Amino acid sequence: MPGGAPAGSSIADAGLAEAGRARIEWADAQMPVLRSIRERLGAHRPLDGIRVAACLHVTAETANLVRALIAGGAQVALCASNPLSTQDDTAASLVADHGAEIHAVRGEGPQAYEGHVQALAAWAPQVALDDGADLLLALHEGGPAIEGVLGATEETTIGLVRLRTLAARQALAFPVLAVNESRTERAFNDRFGTGQSTLDGILRATHLLLAGRTLVVLGYGYTGQGVALRARGAGSSVIVCEIDPLRALQARMEGFQVMPALEAAERGDVFITVTGSRDALGAEHFARMKDGAVLANAGHFDIEINLDELRGAAVDEPREVRPLVDQYDLGGRQLNLLAQGRVVNLAAAEGHPAEVMDMSFATQALCVEEIVRHGEELPARVLAVPDEIDREVARLKLEALGVRIDSLSPAQAEYLDRWDGGASESSR
């Protein structure tokens with residue numbers, strides 16, 4: 001493995017590399033699908049000489065994606081997609097042990113964050129991986145460098161909203177594979193990963209007992225469904241708030257209370273926003289909340305809880321009552337904001353378990369290979385991940401779990417491929 005730090009790297013402490021190495025190896029042991037892909041990429045090196053820039057959470061799981069891309073021959077540069085999600089020891093190991101270029105420091109301010117994103121855009125990557133679309137939008141603002149981009153991937157709902165807006169204006173310059181909408185990502189990452197890790201972050205920050213408390217979930221997409229399911233399993237009474245009638249109906253039929261957010265504000269003990277939009281909680285909600293209510297955001301950006309209105313409602317500056325818990329005094333009532341309103345499962349915990357990110361990053365790695373092979377043939381739109389990639393990742397995961405499944409018989413395959421068969425047709 002190459003050693004030393006690329007000239008452009010910006011990390012907190014190179015001396016943390018040994019601790020980061022152990023953390024990355026621990027995650028690797030839980031990521032058999034990505035490991036098998038890394039071995040194949042290493043044998044065939046389909047990414048030789050390709051510059052891959054990634055704006056992702058700098059965690060041990062991401063490090064193993066970087067390792068897979070490097071094994072395939074890519075040059076990789078990585079910056080953080082959230083200032084509070086960076087593991088400084090992981091960043092140090094990626095620089096020292098794998099020769100990646102890293103621009104990430106835990107807790108970096110907005111100016112440093114923006115500078116790191118711009119550094120990756122200026123590197124003129126051929127493939128970009130994003131989690132929130134900050135890097136992809138920076139590439140669109142970067143002039144001639146954009147001409148060499150073969151394609152990109154996007155990992156979040158809000159990132160895809162931003163990119164589809166760009167595409168609707170005929171301004172998207174390259175194809176983007178919507179990893180966030182792949183079947184394996186939605187079923188496994190969003191529901192099982194965020195569902196567990198969100199509650200993990202809340203519990204680490206607060207040490208609260210969830211049993212017996214009323215927990216309000218704002219947004220009932222795949223992630224909200226996972227949060228609600230696990231909160232109920234922990235003994236909470238769960239209220240769901242939605243704007244989509246179908247999702248609201250689904251929540252009601254799955255046994256959750258459903259009501260407007262203003263009504264739920266009076267009843268909740270813990271509030272979790274996961275809408276992908278802004279101002280899910282604002283001044284009107286804060287005015288109705290109980291003393292001691294806990295506010296957490298599981299969406300990608302820190303806009304779902306209106307922080308300006310929370311500060312405006314407080315009679316004084318917030319005080320830190322626990323690490324990552326800021327308490328706001330609203331004139332006799334205390335509201336407790338977790339992780340500054342940033343994504344709580346990464347800011348207060350470690351994000352998805354490695355077993356979950358195994359599938360997500362396996363999909364990412366195969367999408368990079370797809371873009372390198374076929375990017376020049378793809379239209380400049382937001383595109384679905386090819387079904388064969390989804391199926392391959394699921395197949396490899398089942399294989400790693402020792403699970404076998406059935407396959408269609410030739411007669412069954414023929415029947416499903418016909419238009420003239422019917423329920424009354426006798427078997428042959």
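1. Strand 7 (residues 214-218), helix 9 (residues 222-233) and strand 8 form a right-handed β-α-β unit. Right-handed here means that, with the strands pointing away from the viewer, the path from the first strand over the helix to the second runs clockwise. Helices (H or I, at least four residues) and strands (E, at least two) are DSSP runs, numbered from the N terminus. Please keep in mind that this is a predicted model, in which local features need pLDDT of at least 70, side-chain atom pairs count only at pLDDT 80 or more, and totals for chains, interfaces and linings use all residues. Residues are numbered from 1 along each chain as its sequence is written, and side-chain values use heavy atoms, with hydrogens and water left out.

2. How do strand 7 and strand 8 run? They are parallel, joined by five bridges; two strands count as paired if DSSP finds at least two bridges between them. Leu218 stands opposite Cys241 of strand 8. Strand 8 itself (residues 237-241) is mostly covered, with four of its five residues buried. Buried means under 20% relative accessible area, exposed means over 50%, and partly exposed is in between (1.4 Å probe, protein chains only).

3. The path then continues into a second unit. Strand 8, helix 10 (residues 245-253) and strand 9 again make a right-handed β-α-β unit. Strand 9 (residues 257-258) runs parallel to strand 8, and two bridges join them. One bridge places Val240 with Val258 of strand 9.

4. Elsewhere there is an open sheet of seven strands with parallel pairing, in the order 3-2-1-4-5-6-15. Strand 3 (101-103) and strand 15 (382-383) stand at its edges with a single partner strand each, so one side of each is left without a neighbour in the sheet. Within this order, strand 1 (residues 51-56) runs parallel to strand 2 (residues 75-80) and is joined to it by six bridges. If you would like a spot to look at, find Cys55, which stands opposite Cys79 in strand 2.

5. Which residues touch the most other members of the largest nonpolar core? They are Ile37, Val52, Leu65, Leu69, Leu78, Ile102 and Leu129, in a core of 49 residues. Helix 15 (residues 354-374) gives this core its largest share, 10 residues. Apart from it lies another core, of 26 residues, which includes Cys55, Cys79, Val117 and Leu139. A nonpolar core is a set of buried Ala, Val, Leu, Ile, Met, Phe, Trp, Tyr and Cys residues joined through side-chain atoms within 4.5 Å.

6. Val52 is a good residue to click on. Not counting residues up to four places away in sequence, Val52 touches Leu69, Ala74, Gln75, Val76, Ala77, Trp123, Val127, Leu129 and Val368. Contact means heavy atoms within 4.5 Å.

7. Now for the helix packing. The axes of helix 1 (residues 17-29) and helix 3 (residues 60-71) come within 8 Å and cross at roughly 80°, which makes helix 1 roughly perpendicular to helix 3. Axes are lines fitted to C-alpha atoms, for helices over the stretch in contact, and angles run from 0 to 180 degrees between N-to-C directions. Angles under 35 degrees count as roughly parallel, over 145 as roughly antiparallel, 65 to 115 as roughly perpendicular and the rest as oblique. On the helix 1 side, Arg23, Ile24, Ala27 and Asp28 meet Ala60, Glu61, Ala63, Asn64 and Arg67 of helix 3.

8. Helix 8 (residues 183-206) and helix 16 (residues 387-401) have axes 8 Å apart and pack at an angle of about 45°, so helix 8 is oblique to helix 16. Arg183, Thr184 and Phe188 of helix 8 meet a group in helix 16, among them Asp387, Asp390 and Arg391.

9. Strand 13 (325-329) follows a loop after strand 12 (319-322), and Leu324 is found in that loop. Three bridges pair strand 12 with strand 13 in the antiparallel sense, and in this hairpin Leu324 takes a positive phi near 70°. Is Leu324 buried or partly exposed? It counts as partly exposed because its relative accessibility is 26%.

10. Strand 13 also pairs with strand 14 (residues 334-338) in the antiparallel sense, over five bridges. Here Asp329 stands opposite Gln334 of strand 14. Four of the five residues of strand 13 are buried, so the strand is largely enclosed by the rest of the structure.
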